[in-house]
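Open the model in the viewer and show side chains as sticks. The tour goes from charges over rings to pairs of rings.

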Amino acid sequence: MTKGWFLYLLSATLIEVWTGHADLQLLAFPVGIALGVAALAVLFVLDREQGNHPWLRSLRSPRMAGWLLALLTLGCIIGGCLPAASSFQTSWPFIALLAALFVHLTLLLLHRLRRFCWKRDGTFLLIHGGLWLALSGGMLGAGDTDELRIRVGQEEPVTTGVNAQGRLKPLGHALQLKEFHIETHPTDGFPVQYTAAVWVDNTPVRLAVNSPYAVRPGEDLYLMSFDPAGATGEAAFCILLLVRQPWKYPLLAGILLLMAGVARMMWKQP
């Protein structure tokens, strides 16, 4: 197994050297969901036809889980030590580890569901199923996640934003600044909060720092900064951030299932 891991990660590293970081936008809907369904179908057939084969047993073994946890922990440590600009989470070796974890969890769940009993396997299903759902939501949603910076003023509505690559993209909404206000402390006049009243498709919305507005499910609007010349209380424009995370709710559902499984496991302990 050690040799297999070495060859697997070496291949991912060579791809990284040859092509650079993976472009997750290529996995945007419907490509990502199609790949996920195809992977599920292949693993389902493999488990049904060769579920007891030694190589499949090794893929869902506790030893495999140990290798994955150790390598992912090491990858997170390495990624944490690198500069943020390196974007280690989009490197091919890290994606290869997440893909291996997806395969491991899928095979575990498919094999256990053959003879599923809630009393015996309920905790297992909640923990591993929750982790699988959170991982799937994170991986499949990576290509659909987007952040757009928008300069919004009072002159006219804005309908486009700039993504991390510097490209203009449509917002799907018309945004216009109505007013901007800086709240100060009554004793020393120090700013304590920034708020902006913004028209969102002719609907008045009030934004504040760390208080986003949900434009629609999986799409949140944040107040980021403002015109420095308006430090006295008014501003000619402000900078908003539109964050699109359409897979946020499956990911959160997976985390909740995982927490429920842990709570059930602790409750059943003597």
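A charge counts as sitting over a ring if NZ of Lys or CZ of Arg is within 6 Å of the ring centre and within 35 degrees of the ring normal. Select Arg151 and Phe237: Arg151 lies over the face of Phe237, 3.8 Å from the ring centre. Next select Arg112, which is over the face of Phe124 at 3.9 Å from the ring centre.

This is a predicted model, in which local features need pLDDT of at least 70 and side-chain atom pairs count only at pLDDT 80 or more, while totals for chains, interfaces and linings use all residues. Residues are numbered from 1 along each chain as its sequence is written, and side-chain values use heavy atoms, with hydrogens and water left out.

Now turn to ring pairs. Rings of Phe, Tyr and Trp (its six-membered ring) pair if their centres lie within 6.5 Å; planes under 30 degrees apart are stacked, over 60 edge-to-face, and the rest tilted. The count is 6 aromatic pairs. One of them is Trp5 with Tyr8, edge-to-face at 5.8 Å centre to centre and 75° between the planes. Both residues lie in helix H1 (residues 2-19; a DSSP run of H or I, at least four residues, numbered from the N terminus). Trp5 is buried (under 20% relative accessible area, 1.4 Å probe, protein chains only) at 7%.

Move to Tyr194 and Phe226, a tilted pair at 5.0 Å centre to centre with 35° between the planes. Finally, add Phe180: ring pairs link Phe180, Tyr194 and Phe226 into a cluster.

Note on methods. Helices (H or I, at least four residues) and strands (E, at least two) are DSSP runs, numbered from the N terminus. Buried means under 20% relative accessible area, exposed over 50%, partly exposed in between (1.4 Å probe, protein chains only).
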